[in-house]
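User: Please take a close look at the charged side chains of this structure. How do they pair, and what surrounds them?

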Amino acid sequence: MNLPKRYMITSALPYANGLKHIGHLAGAYIPADIYVRYLRAQKRDVVYVCGSDEHGAAITIQAMKEGTTPKEIVDKYHEIIKSNFEDLGISFDIYHRTSAPIHHETAQEFFTALNDKGELEQKETEQFYDEEAKSFLADRYIVGTCPVCSHNNAFGDQCEKCGTSLSPEMLINPRSTLSGNPPIKKTTTHWYLPLNKHEDFLRQWILHEHKDDWKTNVFGQCKSWIDAGLQPRAVTRDLDWGIQVPLPAGLGKGLYVWCEAPIGYVSATKQWSLNTGKDWKPYWYDKDTKLVHFVGKDNIVFHCIIFPVMLKLHGNVLPANVPANEFMNLEGDKMSTSRGWSIEMDEYINDWIKKDNGGESMADVLRYYLTTISPETKDSEFTWKGFQEANNSELGNIFGNFVNRTFVLMHKLCKGKVPVLHIPVLDDADRNLFIEIRNAKSKIENLIETYKFREALFEVIDLARKGNKYMQDKQPWIVAKQTTDDGQLTTEAQQKIDNCMHVCLQLTANLAILINPFLPFTSKKLCYMMKVVDKMLEWENAGKAKLLSVGYSLREPQILFRKIEDSEIAAQIQKLNIKSQKVEEEKKTDASSQLQVTSNEESNTGQPATGNGEPVTANVKPEIAFDDFAKIDLKVGTIVSAEKVQKADKLLKLEIDLGFETRTIVSGIAMHFQPEEIVGKQVTVVTNLAPRKMRGIESNGMILMAEDKSGKLHFINPESSIDAGSNVS
């Protein structure tokens, strides 16, 4: 295998607008850290960069919420997030920030270079505008009712309740977050990256050259985007907080955050270069560099399609892989900080590391569990019971138990020193375990090289499991009872004990090397117990049978993983529920306050803004072509069952007979209908809508509803009963 000369590894830049939860950790940071620690152990040339994404609407919105400035927000959360990563063992070579001058310069240079080459297009478009605030609105500055789940505070880019990706045009009754007024459309000028001109390159590069080595979920999403036809994408926005467009015509305009944030990888590398005195350019320009982006699935399109086009036009290396992960849910529901249904990294650190008698080992427990349930190809789920089981049954009873028994028995039966290995009396069990150690090394490195970290960690734990079985079969504590008449161990018994303990100690040393990319704090503790330096953790030492010298004295054992009690887990589950309820109550209070303000205002027609007798407004959406409408597949379905969704006041889970199959559809109509009263109803169903997970349930379609002026919902259905599956045209 021809290895690259160097590696450039990146993790997605987290927004510095608030605390980050453990789902983020599982998606883009622990996998990258495992890979980087492995590469360093291989003594390869690797630079691992990340940093805070400190521009964009999310920052300014958070500043408004906290009654402060965007700068104070990013300064505050940058330090917290950076500290959180350090506490959890994420080993960046540099954790930078996009507010730094060197990033502004680098991003502007990228824009200027592409613009000077004629690779950008300038054109006029209509954007949403707040007349009262006299400001163009980013998607996040527009909220309204979600067309999927009826959540009335969905953002213009995504509904954070059901997770649906949106555009402002899709919102029902959109309003500006700046003034509360409905926005208008106004003409403005922006620069665009014409992705449509690069479809042939992307099709060849991704769909042909990477069809076998990119993950199926990543490849599939890229193929879907390319096959659907790419469109020009704006690289600028009307905004104040951000990087200004470096052109006279760009006054009052900034680089769109999706455009400049990935350039943060380059500017971070430049700053690393200044810090270390090393040349940064080969990591971004030399073709012998392997560039790997670790991201979540919501960032696939940016790192596989958009940013690579920018890199190609700028003359940089292209990513060799983007091993993106799917999403991690929490206790049966989508993880969401805005709904209080999350476990923040800062929260975990305070509860389990800083206040816990396990200390740093609890960082490794989280790293372990998140890796074992990593959403490598599909969504996964974190549960506190699963966390407890992973710690107690796997780390404690398998890995920790083997190490502890080895050290206890070594001190008891071998005077605390590494015993000699008696070659003439080696048996098949001894030899086979040495073979397992060698084989484990090659298995693990092959899995890590192909980004299968979950399987690789399983192999490490399985090796410890084999060590436990070996020791249980050997039973040195029983052999120790084989004594002569004067109470001395027989020579044969001593040799058996020596061999068993020697093999187990060499296995322990190997486990310290193999576990290091995954659980660095545990590996460090093992090195302390064995009184060896960190150099032993170099990967070339893995698989060797003579890591610990005969006669070398070792320290007393330390507990690697303490037991987690049921009461601790119950307390965390209770805390999660209380936090979620508190957020919901705060939202209801905010909504009530907004409703009170609205009801006291007069509309331009002199009619009350809300209440009975409210005139029905046109609320007509922009004109579309017939071909766009023709893509929608509408069929008549019959509701065969309905039930409420747990922890979701507005959602019903419906089973709908479509004639040719029965579909599960989650609908936000629970506030309007009782489940039992709608069974048997015929409805109109959008059958070719992409599936969406809502509260952990996959919804495969959408039922059409009409809302009258009082806010009551009505089914759109045929006048008389017809066959389920009938087309609507």
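Analyst: The account below follows the charged side chains and then turns briefly to one helix and to the cysteines.

This is a predicted model, in which local features need pLDDT of at least 70 and side-chain atom pairs count only at pLDDT 80 or more, while totals for chains, interfaces and linings use all residues. Residues are numbered from 1 along each chain as its sequence is written, and side-chain values use heavy atoms, with hydrogens and water left out.

The structure holds 39 salt bridges (a side-chain nitrogen of Lys or Arg within 4 Å of a carboxyl oxygen of Asp or Glu). One of them joins the side chains of Lys5 and Asp288, at 3.7 Å from N to O. Lys5 belongs to the segment before β1 (6-11), and Asp288 to the loop between α9 (282-285) and β13 (289-294), so this pair ties together parts that are 283 residues apart in sequence. Helices (H or I, at least four residues) and strands (E, at least two) are DSSP runs, numbered from the N terminus. With 55% relative accessibility, Lys5 counts as exposed, and Asp288, at 36%, is partly exposed (buried means under 20% relative accessible area, exposed over 50%, partly exposed in between, with a 1.4 Å probe and protein chains only).

A second pair is formed by Glu54 and Arg97, whose side chains meet in a salt bridge at 2.9 Å, N to O. Glu54 sits in the loop between β2 (46-52) and α2 (57-66), whereas Arg97 is part of strand β3 (residues 94-97), so the bridge ties together parts 43 residues apart in sequence. Both Glu54 and Arg97 are buried.

In a third pair, Glu538 and Lys535 meet in a salt bridge of 3.2 Å, N to O. Here Glu538 counts as buried, at 16% relative accessibility, whereas Lys535 counts as exposed, at 53%. Salt bridges also link Glu344, Glu347, Asp351, Lys575 and Lys579 in a network.

Glu199 presents another case. This residue lies in helix α5 (residues 199-208). Glu199 is buried yet has no salt bridge, and the nearest side chain of opposite charge, that of Arg203, is 4.6 Å away (Lys and Arg count as positive and Asp and Glu as negative; His and the chain ends are not counted). The side chain of Glu199 does, however, reach the backbone nitrogen of Leu230 at 2.7 Å.

Helix α8 (residues 263-276) also includes a buried lysine: among its buried residues are Lys270, Tyr265 and Trp272. Because 10 of the 14 residues of α8 are buried, this helix is largely enclosed by the rest of the structure. After α8 comes Gly277, whose phi is positive, near 80°.

The cysteines complete the picture. The structure holds zero disulfides (a disulfide is a pair of cysteine sulfur atoms within 2.5 Å). Cys50 is in no disulfide, and the nearest cysteine sulfur, that of Cys304, is 17 Å away. At 1% relative accessibility, Cys50 counts as buried. Cys504 is likewise in no disulfide, with the nearest cysteine sulfur, that of Cys500, 4.3 Å away. Cys504 is buried, having a relative accessible area of 0%.

Notes: A polar contact is a pair of N or O atoms within 3.5 Å; within protein, one must be able to donate a hydrogen and the other to accept it, and residues adjacent in sequence count only if both atoms are side-chain atoms.
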